Amino acid sequence: MTTLKSKLQADLNAAIKERDGLRSSTLRLTLAAIQKEEVAGTEKRELSDDEVQKVIAKEAKKRREAAEAFAQGGRAESAEREKAEGEVLAGYLPKQLSDDELQQIVAQAVAEAKAAGAEGPRAMGQVMKIVNPKVAGQADGGRVAAAVKTLLAG
C-alpha cells in the first residue's frame, strides 16, 4: 500500500474512533475514489503516491465546485459542508502556490516561450507546456490558465 493511501486509512480509523463524522465520511469517499481508480481499466493495480494525490486533488475540486453550486442555489448549509470537506482534503495536498509565486513562474515561462519565438495569445499552449510541470499539484489549472492569459495579453 502506498504511504499516502495508508495515511488516509489510518486517519480514517482515527476519525471513526473519535466519532468525527465529517472527517470520516470525507476520507471514506476519498478512499472509495482511490479504490475505483485502482480497479479501473483491464486489471487491478496499486496507485503510486502521485496518482493518489491526483485523485485527492480531483475530489477536492469536486467539493469546491459543489460548494459554489450550493451557494448559488441558496443552500448555505450544504455549501458549508462541502467547503469543510474540501478543507479536510486540502490537508493531504501540497501547499498551494501564492499568487505572487505563480506570477513569477508564469513570467519565466512566457520569457522562455518568447525566446523560442512564440508571442501573443497563440503562445498559450507553449507557455502552458512549460508551466504545468513546474506547478503540478500546487496550483489549480484554471488559476494557471488565467495567469498565463493575462501575461500574454498584456
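Which helix does E82 lie in? I started my notebook with that one, and the model I was reading is a predicted one.

**Entry 1: E82**

I found E82 in helix α4. Next I looked up its accessibility: E82 is buried, since its relative accessible area of 17% falls under the 20% cut-off. Then I asked what E82 is in contact with, leaving aside its neighbours within four places in sequence. I noted R63, A66, A67 and F70.

**Entry 2: helix α3**

R63 and A67 turned up again when I listed the buried residues of α3, which are V52, V55, I56, E59, A60, R63 and A67. What do these buried residues pack against? I wrote down α1 (3–17), α2 (21–39) and α4.

I also checked the length of the helix. α3 has 24 residues, and I got 35 Å from its first C-alpha to its last. That is close to the 34 Å expected at 1.5 Å a residue. After α3 comes G74, and I noted that its phi is positive, near 80°.

**Entry 3: E59**

I gave E59 its own entry, as another glutamate to look up. E59 is found in helix α3. Is E59 buried or exposed? I have it down as buried, because its relative accessible area is 7% and the cut-off is under 20%. Not counting residues up to four places away in sequence, E59 touches A33 and L89.

**Entry 4: the largest pocket**

I moved on to open space in the model. The largest pocket has a volume of about 620 Å³. I counted 24 residues in its lining, and A57, A60, R64, L93 and Q96 lie nearest its centre. Which elements give two or more residues to the lining? They are α3 (49–72) and α4 (76–90). Of the elements, α3 gives the most, with ten residues.

I then sorted the lining by kind of residue. My tally for the largest pocket was eight nonpolar, four polar and twelve charged. A60 is on two of my lists: it is a buried residue of α3, and it is among the residues nearest the centre of the pocket.

**Entry 5: E112**

My third glutamate was E112, which lies in helix α5. I put E112 down as partly exposed, because its relative accessibility is 41%, between the cut-offs of 20% and 50%. How far apart are E112 and Q126 in space, C-alpha to C-alpha? I read 9.4 Å, with the two 14 residues apart in sequence. Leaving aside neighbours within four places in sequence, I found E112 in contact with I130 and K134.

**Entry 6: helix α7**

I closed the notebook with α7, residues 141–153. At 1.5 Å a residue its 13 residues should span 18 Å, and I found the end C-alpha atoms 18 Å apart, which agrees.

Which residues of α7 are buried? My list is V144, A145, A147, V148 and L152. They cover an arc of only 160° around the axis, so they sit on the same side of α7. On the other side of the helix I found K149, T150 and A153 exposed. Last, I looked up what covers the buried residues of α7, and it includes α5 (99–115) and α6 (124–135). That brought me back to α5, the helix of E112.

How values were computed. Residues are numbered from 1 along each chain as its sequence is written. This is a predicted model: local features need pLDDT of at least 70, side-chain atom pairs count only at pLDDT 80 or more; totals for chains, interfaces and linings use all residues. Side-chain values use heavy atoms; hydrogens and water are left out. Helices (H or I, at least four residues) and strands (E, at least two) are DSSP runs, numbered from the N terminus. The expected span of a helix is 1.5 Å times one less than its number of residues. Buried means under 20% relative accessible area, exposed over 50%, partly exposed in between (1.4 Å probe, protein chains only). The arc is that of the directions from the helix axis to the C-beta atoms. Contact means heavy atoms within 4.5 Å. On a 1 Å grid over the protein atoms alone, a cavity is a set of points where a 1.4 Å probe fits but cannot get out, and a pocket is an open set with protein on both sides within 12 Å along at least five of seven lines; lining residues have an atom within 4 Å of a point. Grid points are joined across faces, edges and corners, and a volume is the space filled by probe spheres set on the points. Ala, Val, Leu, Ile, Met, Phe, Trp, Tyr, Cys and Pro count as nonpolar, Asp, Glu, Lys and Arg as charged, and the others, Gly among them, as polar.
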